[in-house]
Structure formats: structure tokens, C-alpha cells
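Open your viewer and get the whole chain in the window. We'll start with the overall picture and then hop from one selection to the next.

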Amino acid sequence: MQQAVRCPAILIAAPASGQGKTTIACALARLHARQGRRVRVFKCGPDFLDPCWHALASGAPVYQMDLWMTGEADCSARLHAAAQEADLIIVEGVMGLFDGEPSAADLAQRFGLPVLAVVDASGMVATFGALAFGLQHYRTGMPWAGVLANRVANARHAGMLQASVVPEQWLGAVLRNAAMALPKRHLGLTVAAEVTDAMERLDAAADALATTPLGQMTLDDLQRWAVDFTAPEAAAPAVPALQGKTIAIAHDAAFCFIYAANLDTLRTLGAELVFFSPLADAAVPACDALWIPGGYPELHAQTIAANTALRDSLAAHVAAGKPVWAECGGMMALFDTLVTLDGQRHAQWGVLRGEVSMQKLLAGLGPQQLAMAGGTLRGHTFHYSTTATPLQPVSRTSRPNTAPAPDAGEAVWQHGAVRASYFHAWFPSCPEAVAELFTAPAEAAA
């Protein structure tokens, strides 16, 4: 086992979703990055959207961490690698500090990450202190950094909030400021690349944080949160089962839910990756297999419908028996029709029979696993649409540590060498199964 590496690290958490964790995490990353410091940011849980903002703020790739989905060994290896090159490691939590299984608190305790609680202090005074106390002491032995008040009304309000906590807990107050708000839509934050003034918003947040005790900490000050990170035993090298194969990946505003770690896994398996836009391009690139990730096809359904040249190119790929793996939004576009919330019907690619309908309520949420011949892939599901199709699933996902059931989990649809599901896979969890996804099934090749 490699030697431990010591680096300041902090896990930014909150009592609930919507408190401003992402804004503060990005502000802290941006503040240090623009001072020339090396910052590495991670996101607790399976989220695709927050990491887009983290990457913009820090100037470095961002990876997810989850003690179940990505696994403890993966988390340990990534933290150890980050500690070797970073001046500061920031991990943004998920939901409330103790919410979910595993939770952000579980991650903090497993790796000794000091917790900074961000609390939306709107409409409260002394209760702020009660929340801070409760978050720190709800579990025995929680590593703790302090508390930051967010969306504070004014300096007088900040003073009253500060008086409600012990001095060493107080890391400052950030006033309400529309200039630093990160825009949202139905799946979470808007993708940073689609926000024209994204960097200006991050700079405004960093400027606001710079006035707080947290924002004024030097590298020497940050050493109070230094953590020793050790790496697990080296994993066996992956067999390059996709060596010599080219995988085309859809990547644009409609199909943008791509884990950086998934791309790393495909490259480790030996694949050459090429990217294309189903919205703008007329054809699928020359390739051996195709990956259509999740995203927002419902926001671009009309453009997808109008690009008949791309549809025909995709049909030729499918007719040639070449593999396709489509996740969530990618799967939605494969069906005949997509029905948007306003009732408009849009023809899609017609590879799978049936239609997909958007709805206002969540239709699927939570960790899932998919058992395949090569092993079990871990991942998650999160969608606001449902499918109506005469197709019968070839398999189904299941909750962690449970067997698949015919009335639970997410369906996996198959048509020839095309496989599709609402399931978002974390490729590093089972590279052997990933190689299987991008290889034509035996019955399709027959």
C-alpha cells in the first residue's frame, strides 16, 4: 500500500437540499483557483449537473463519490490521487448531511473529512445555532469544520446569527445576492455550459465568500483541516476488451449526462472515443459501437425530429448490427414518439416501438444495479418520464443488494444489438459488463 498523503480537505454539507451547497462549494473552489491554488472537487452521490459547475470553478475534472455506487476503494483512490497534486480538496455533499444510504455523513466519517455546514439562514436567528449544534452532534465522532450562514439579509442579521454559535464554529455569512445565483430547471441546476454568464456568477460568489472568515483563510490556515489519505491496494489492470474499437458518443445540449470516470473506463478498455452532436450533425461518425447518454431530449425534441439525416444514419448503424447503449434521455430519443409536458408529440428516431411521455412528478429515483453476464454494474435512476411500449424487457435493474423482480427496477429494452434503459451506469463498477454493453449480443450477431 502506498504511503499516506496529507492535504487540507472539507466536505460541504447542509441540513437539506436547496441550502446553497453547490454555490458555496463553487465559490470556495473559484476563490482559491483564481489565486493560483490547485483545487480538486468531488461530488457526493450520482449527480451529473453540480460537477459541471465545480469543474468550471476549479478548472479541473470532477468525479463522483458514493460509498455504494462508486465504492469505497474508488473513493479512496481518487482522494489519494487528488491529495498528491492539490492544495485543497472540496467534496460537496448530497441532500441533507444525514440523508440517503450511504449519506454524505457516512463519507465524511469514513475518510475523516471535516464537515462545513451551509445553512440557509433566511427567516431565522437563534435556530441557526440549534441547527449547527444538531448537525455537529447528531452522530458521535463527526469530523467538524464549522458553519456558514447563507442568504443572510444584512450585517445586523449576520451578527445575530454569529451570536447563536460558539466562536470557533463561525465561518461567516454570505448575503442574498441574485448575481451569484445558479439557475435551475426540472432535473436540477442548468448545465454550466448553457449559462452565458456562468463565470461571472461564480466570480460574484467567490467575491462574496472572500469577505468571510472562510474565504480569508490562507493555505497555512487550511492546514487545520488536513487529512491523511491512503490508497487501497492496486487493482488488477483491466483487460483491454474493447481494444481496436471506436465508440461514438452523443454529446451536446440534449445528451450531456456523462461521467468523466465512464470515459476513463472506456479508454482503459482500449476504445477510441469520438464525439458527435445528434442535434447538429448529419450522421453518426464511423464507429464500431454507439453510446447515447442521458440529458434533455424533451427540451430539444423538435430539433431531434427535424434532423432526419441523423435519424437515417442511426438506422443504418442499427441495421448493420452494431451495438448501441442508450441511457435515460438517450433511450427516450430511440422511441417512436416523445410527448412533452404541454402535450406536443414529436417523432423521434423510431428504433424502439412506443412512446415516452413527460410528467411533472418524478417517475424514478435512487440507486440501481444491473446484472449482466460479465458482472454487475452499479448506477442510479432519475427521470420524469414514463414509457408505453409493446416491447418486453430482456432484464431489469434492482435496488442494491436485491434480486431483480418483474415489477420493480428499470426495464432494459433490446432490439438487435441495441440495449436501452432509464438506468445510468457507473462504468468503473464493472468494466467487464461495460465491454459487454458495447459488444453485439450473441443473438443479434447470429
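A residue is called buried here when its relative accessible area is under 20%, exposed when it is over 50%, and partly exposed in between, using a 1.4 Å probe and protein chains only. By that yardstick, buried residues make up 55% of the 446 residues in the protein chain. Before you click further, note that this is a predicted model, where local features need pLDDT of at least 70, side-chain atom pairs count only at pLDDT 80 or more, and totals for chains, interfaces and linings use all residues. Residues are numbered from 1 along each chain as its sequence is written, and side-chain values use heavy atoms, with hydrogens and water left out.

**The whole chain**

Switch to a cartoon view. You'll be looking at 14 helices and 26 strands; these are DSSP runs numbered from the N terminus, with helices being H or I of at least four residues and strands being E of at least two. The radius of gyration is 23 Å, close to the 22 Å that the globule rule gives for 446 residues, so the protein chain is as compact as a globular protein of that length. (That radius is taken over C-alpha atoms, and the rule is 2.2 Å times the number of residues to the power 0.38.) Along its principal axes, the C-alpha trace spans about 70 × 55 × 40 Å.

Now for contacts, meaning heavy atoms within 4.5 Å. Among those between residues at least 6 apart in sequence, 74% join residues at least 24 apart.

**The seven-stranded sheet**

Next, select the open sheet of seven strands with the order S13-S11-S14-S16-S25-S24-S23 and mixed pairing. Its edge strands are S13 (272–276) and S23 (395–396), each of which pairs on one side only. Two strands count as paired if DSSP finds at least two bridges between them. In general, strands of a sheet pair through backbone hydrogen bonds, either parallel or antiparallel.

Start at the S13 edge. Strand S11 (residues 246–250) runs parallel to S13, and five bridges join the two. To see one partnership, pick Ile247 and look across to Leu273 in S13.

Move along to strand S14 (residues 289–292), which is parallel to S16 and joined to it by three bridges. Leu290 has Val324 of S16 as its bridge partner. On from there, four bridges join S16 to strand S25 (residues 418–421), again in parallel. Here Glu327 has Ser421 in S25 as its bridge partner.

Stay on S16 (residues 324–327) for a moment. Which of its faces are covered? Both are: Val324 and Ala326 are buried on one side, and Trp325 and Glu327 are buried on the other.

**Unusual backbone spots**

Most residues other than glycine have a negative phi, and most peptide bonds are trans. The next stops are worth a look with that in mind.

Click Cys328, in the loop between S16 and helix H12 (329–334). Its phi is near 50°, a positive value in a residue other than glycine. Cys328 is buried, with a relative accessible area of 7%.

Now jump to Asn401, in the loop between S23 and strand S24 (411–415). Phi is positive here too, near 60°. Is Asn401 buried or exposed? At 71% relative accessibility, Asn401 counts as exposed.

For a cis peptide bond, go to the link from Glu101 to Pro102, where omega is near 0°. Pro102 sits in the loop between strand S4 (88–92) and helix H4 (104–111).

**Two helices and a strand**

Select helix H9 (residues 260–268), whose buried residues are Ala261, Asn262, Leu263, Thr265 and Leu266. Just after H9, Gly270 takes a positive phi of about 100°.

Then find Arg30 in helix H1 (residues 21–33). Arg30 is buried, at 18% relative accessible area. Leaving aside residues up to four places away in sequence, Arg30 touches Ala57, Met199, Leu202, Asp203 and Ala206.

Last stop: Ser357, in strand S19 (residues 352–358). At a relative accessible area of 22%, Ser357 is partly exposed. Not counting residues up to four places away in sequence, Ser357 touches Val339, Tyr384, Ser385 and Thr386. If your viewer has a distance tool, try it from Ser357 to Ile90: the two are 267 residues apart in sequence and 38 Å apart in space, C-alpha to C-alpha.
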